[in-house]
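Dear colleague,

I am passing on the structure below, together with some notes on what turned up when I went through it. Please have it open while you read.

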Amino acid sequence: GPGQAEMYAGLQELGVANGEDLKETLTNCTEPLKAIEQFQTENGVLLPSLQYALPFLDLHGTPRLEFHQSVFDELREKLLERVSAIALEGKVEERYKKLEDLLEKSFSLVKMPSIQPVVMCVMKHLPKVPEKKLKLVMADKDLYKACAVEVKRQIWQDNQALFGDEVSPLLKQYILEKENILFSNDISFLQNFFSPSPKTRRQGEVVQKLTQMIGKNVKLYDMVLQFLRTLFLRTRNVHYCTLRAELLMSLHDLEISEICTVDPCHKFTWCLDACIREKFVDNKRARELQGFLDGVKKGQEQVLGDLSMILCDPFAINTLALSTIRHLQDLVGQDTLPRESPDLLLLLRMLSLGQGAWDMIDSQVFKEPKMEAELITRFLPLLMSFVVDDHTFTVDQKLPSEEKGPIPYPSTIPEAFTKFLQENRIACEIGLYYILHITKQRNKNAFLRLLPALVETFSDLAFSDIFLHLLTGNLTLLGDEFALEEFCTSLFDGFFLTACSRKENVHRHVLRLLLHLHHKVAPAKLESLQKALEPTKQSGEAVKELHTQLSEKLELRKPSPAEVTETPSMELPLPTVPTPASR
């Protein structure tokens, strides 16, 4: 076929006879057998000792093709070893000269499956494959596929679109993996989205593949960062920020200094990574991080865009927010005001830099967001007053009760708290983490008191996937409360169901929670929830699937009516079936 002809065309250029030559010889000769013999002698393996061995092999019925093939395979292995050796020996210019000559000679045979590995091996060891050869490889799908990643890097670095096509499915896969964790049916306060350590996360398939594709190539690394920035701007999806940090730290793990030393975020990210591992920012690391932020020089403000993206990673925000809540509790014990704690102020500074990432990259105005004084002078003291309320209530419960009866838990929320959660992004983030904190402490009173403030929050943060994933996990600790009408009405009617119809993700999270806790919920309440959560025409597959699973679970729970036990048993004697004769 034409494929064959094309495949072996390169042999003629090298003065090696191919099938076409044999055909020609046979067409123009008088004694075909003699001609074949001569062709074999001219084009066979030129070893005198073989002259007698080959007829011997013929007697044993070993086809000449098989013999030549095994000689060929042996030679190819030797050649591959030799190419790899040349790539390491002698002076740099000399060894590359040898490889380039070899590539010149062998490239015309790149289509021959038997020779292709050798050509690919030569190219793999050349730091700069000649432009013309790269173009030929690029133009041929099969050749491009067969290339080593070292050669592909040389092609990609000047073809951003092609590189984008390779990276794009990996980025999609990454986002999907994150979303699958957030919506996973396993709900637990022990294992959640933030449980895996940074080191474990970097072993993930996508991070590893991207690391491999980039190698030590700064240009490719920059391209990937550019893709991540663009996608973050286009979608506001914060998982791209996680990948930005994971990729840098994956290269750090491999000690690829060619890239780490030119990424201005490297040391900051490395320090923050250690904090994320501990889920806490200690004083020593806080100083270090502050040093990096204060050290941003005039004219280099653009680095703030990158740092803000690193801080916008949900794993970073989670660490900063948890540290903030811990600091606030400590301050209550020390009787200190938030504005007197430099560590707390630094946490807020980093939180607002992270939360401002999208605006900064979008506007290209690289300066730190202004911290609102009210956040520090009014909002945080409010949160501290909630901590005090809890202490007071707990102490009151333990005191011998006087005639005046037990003191009720404060049930109203200061209006200022609700307003802060609606209007201030940082206040909202910290407020949500405080609510997660009291839920984890199984503090039902505090939870029910603050829950109404979550219906309307800054940019609907209380209905974001990460918060709902964490909240549903922590609510499993309050499992026994789900039997109480009042608790369920506050949680479902007062919070979840207010958003279900307009937000598909909330619908999914409620169904996840019920799938997990349905056996704790009072039957009447469960039935009304099942109705309220029916999928609509607009609902996606995930919601329908979850609702079906829930309905199936509830079917199994229904008590069977008494008369079912009276029906006579259906056990009829089975007809004996003859066993098939064993074959």
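A polar contact here is a pair of N or O atoms within 3.5 Å, where, within protein, one atom must be able to donate a hydrogen and the other to accept it. With that in mind, and bearing in mind that this is a predicted model, one such contact lies at the start of α18, where a side-chain oxygen of aspartate 282 reaches to within 3.1 Å of the backbone nitrogen of lysine 284.

The helix itself, α18 (283-294), has 12 residues and reaches 16 Å from its first C-alpha to its last, which is close to the 16 Å expected at 1.5 Å a residue. Its buried residues are Arg285, Ala286, Leu289 and Leu293. Because these four residues cover an arc of only 105 degrees around the axis, they are on the same side of α18. An α-helix has 3.6 residues a turn, so residues three or four places apart point the same way. As for their neighbours, the buried residues of α18 pack against α17, α19 (303-312) and α21 (342-355).

Two loop residues may also interest you. Lysine 279, found in the loop between α17 (266-278) and α18, has a positive phi of about 55 degrees although it is not a glycine, and it is partly exposed, with a relative accessible area of 31%. Glutamate 255 is placed in the loop between α15 (239-253) and α16 (257-260); glutamate 255, which is not a glycine either, has a positive phi of about 55 degrees, and with a relative accessible area of 69% it is exposed.

With best wishes

Note on methods: Residues are numbered from 1 along each chain as its sequence is written. This is a predicted model: local features need pLDDT of at least 70, side-chain atom pairs count only at pLDDT 80 or more; totals for chains, interfaces and linings use all residues. Side-chain values use heavy atoms; hydrogens and water are left out. Buried means under 20% relative accessible area, exposed over 50%, partly exposed in between (1.4 Å probe, protein chains only). The expected span of a helix is 1.5 Å times one less than its number of residues. The arc is that of the directions from the helix axis to the C-beta atoms. Contact means heavy atoms within 4.5 Å.
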